[in-house]
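User: I'm new to this one and I'd like to understand the labels people put on it. Can you take me through them and show the reasoning each time?

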Amino acid sequence: MSTENEGTAVPPAPSAPPVPVDAPAASAPQAPDAGAPTTPIPPHPSGGAQGPELVHAGPAPAYASAQGQQHAGAGGPEGAWPPPQAPQVPGTPSYADGGAGGAGTTGVWGAGYQQPAPKPKNGRGGLVAAILVAALVAGGLGGGLGYTLAKNNDNGSSTTLSASDSGGSVKRDAGTVAGVAQRALPSTVTIEAESTSGEGGTGTGFVFDAQGHIVTNNHVVAEAVDGGKLTATFPSGKKYDAEVVGHAQGYDVAVIKLKNAPSDLKPLTLGNSDQVAVGDSTIAIGAPFGLSNTVTTGIISAKNRPVASSDGSGSNASYMSALQTDASINPGNSGGPLLDAQGNVIGINSAIQSTSSGGLGGTSQSGSIGLGFAIPINQAKYVAQQLIKTGKPVYAKIGASVSLDDSTGGAKITPEGAAGSAPVEAGGPAAKAGLKPGDVITKLDDHVIDSGPTLIGEIWTHQPGDKVKITYERDGKTHTVDLTLGSRTGDS
């Protein structure tokens, strides 16, 4: 299923995760190399069933400054990495950062007012009026009686009760939403990214370590990567300039570092996203529509949700096996932490499902409909550590090109690779496992694979060198083989 990165829409994922929100056309596919992700990252499906839009939950259009940008899916030749541009596909999740003008339904805020129709003049109207009068009289009697009794019992002393503690002096229990928010908010930041041309948006991030590294979404900081301006503001009002340490387009994860970082930073505790269960409570922190330090709550409504999302430009696609939550997430929440009831980070808010069709540069902005998607923290932690260490992402791969067309049959290895390359990389993991063009992969370990994007998302939850079991169909027969995942460094 695809989603919008808080601001763009992505096509639904019937069989494969839909392409990023408002799946815009992606750049021309590049020939995969021996290190291409899972296969060169397959381009977004150019066709298929349409569905709700998914938008990146990343940067929200800043009210007092830059505009946000939406991520959308792209389509193009199969197996392209990065995925080629494709027309926006309704149903694609959009980034939760509210990228450039998110899509949204019109008239929500300014619906016209209709004058009420004149009341019918008949006996029923008189009866209703009589009943209302009787109710008012009864109410008056009750009120008058209450006043008289109170007056007769008034000895000059007040019966008002005052709390011993109030406001900021109240001590909130650690397990309450208020308690979690009190501990987590000081370690979250509102990020403003601006390109050299002055375009940009607002997103969220959280303190990853005491050295000043902040984790967020790639689509939140994308505008500032090439010489742009980046700032991070804490709830206390303290603002710091920052720089991009590394970013992973495919994972939609980025790490920035504060310049002159304070010595009292408190990193948020990272949880274990593999142990999260459907129904677990969630708390999301972010800057929806530029409203910094906003806290919302919900539950985990689904796990391992295949999601393909994009930045709305058509060239930046991401794939994830996401945590789904109904906690309210809107443009500007992108990059913010999704916490469990104890305050541990279990995911990074990244995309939302949208019912609108607006795209990058649109006049409306997508909003929450109770379907938000977060990158599991176990995956994000691995990616962040790689970015801090080398500045470049490392992707697991199988070394085969798969179709990105929507289907419920699985991920089909294409007859040809991107730009005329071999569909199965010579000497790669897939070749060693005996996979061939035309084979349809239906399962990876115990996870059902219904499309190419779903396969990519599942592969990227693993690390290079991991051994997985691949189930595939060939000539009507089902086969199972063991495969050791290869690796690819960088986004291109």
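Analyst: Sure. Keep in mind that this is a predicted model. The protein chain has six helices and 23 strands, and buried residues make up 54% of its 492 residues.

User: What makes histidine 219 count as buried?

Analyst: Buried means under 20% relative accessible area. Histidine 219 has 0% relative accessibility, so it counts as buried. This residue lies in helix H3, residues 218-221.

User: How do you know that the side chains of histidine 219 and serine 334 make a polar contact?

Analyst: A polar contact needs a pair of N or O atoms within 3.5 Å, one able to donate a hydrogen and the other to accept it. For the side chains of histidine 219 and serine 334 the value is 2.8 Å, and the pair is listed as a polar contact. Histidine 219 also sits 7.6 Å from glutamine 249, C-alpha to C-alpha, with their positions 30 residues apart in sequence.

User: And glycine 175, why is it called exposed?

Analyst: The cut-off for exposed is over 50%. Glycine 175 comes out at 60% relative accessibility, so it counts as exposed. You'll find glycine 175 in the loop between helix H1 (123-152) and helix H2 (177-184). Its C-alpha atom is 6.4 Å from that of alanine 341, although the two are 166 residues apart along the chain.

User: Why is strand E11 described as largely enclosed by the rest of the structure?

Analyst: Just look at its residues, 281-286: five of the six are buried, so E11 is largely enclosed by the rest of the structure.

User: How do you know that E11 and strand E14 pair?

Analyst: Strands pair if at least two bridges are found between them. E11 and E14 (residues 337-339) have two bridges, in the antiparallel sense. Across this pairing, isoleucine 283 stands opposite leucine 339 in E14.

User: What about strand E5 and strand E6, what makes them a pair?

Analyst: The same test of at least two bridges applies, and E5 (residues 188-194) and E6 (residues 200-207) have seven, again antiparallel. Here threonine 188 stands opposite phenylalanine 206 in E6. Both strands belong to a closed barrel of six strands with antiparallel pairing, in the order E5-E6-E7-E10-E9-E8. Neighbouring strands of this sheet are turned by 40 degrees against each other on average, direction ignored. Helix H4 (residues 377-390) lies across E6, E7, E9 and E10, at about 55 degrees to E10.

User: Let's do aromatic rings. Why is the pair of tyrosine 319 and tryptophan 460 called edge-to-face?

Analyst: The structure holds five aromatic pairs. In this one the ring centres are 6.0 Å apart, and pairing asks for centres within 6.5 Å. The planes stand at 75 degrees, and over 60 counts as edge-to-face, so that's the label. The pair links distant parts of the chain, with tyrosine 319 in strand E13 and tryptophan 460 in the loop between helix H6 and strand E21, 141 residues apart.

User: Then what makes the pair of tyrosine 395 and tryptophan 460 tilted?

Analyst: Under 30 degrees would be stacked and over 60 edge-to-face, with the rest tilted. The planes of tyrosine 395 and tryptophan 460 are 45 degrees apart, with 4.7 Å centre to centre, and the pair is tilted. Tyrosine 395 lies in strand E17 (residues 394-397) and tryptophan 460 in the loop between H6 and E21, so the pair ties together parts 65 residues apart in sequence.

User: How do you know whether tyrosine 395 and tryptophan 460 are buried or exposed?

Analyst: Set each against the under 20% cut-off for buried. Tyrosine 395 is at 0% relative accessibility, so it counts as buried. Tryptophan 460 is at 1%, so buried is the label there too. Ring pairs link both of them with Tyr251 and Tyr319 into a cluster.

How values were computed
Residues are numbered from 1 along each chain as its sequence is written. This is a predicted model: local features need pLDDT of at least 70, side-chain atom pairs count only at pLDDT 80 or more; totals for chains, interfaces and linings use all residues. Side-chain values use heavy atoms; hydrogens and water are left out. Buried means under 20% relative accessible area, exposed over 50%, partly exposed in between (1.4 Å probe, protein chains only). Helices (H or I, at least four residues) and strands (E, at least two) are DSSP runs, numbered from the N terminus. Axes are lines fitted to C-alpha atoms, for helices over the stretch in contact, and angles run from 0 to 180 degrees between N-to-C directions. Contact means heavy atoms within 4.5 Å.
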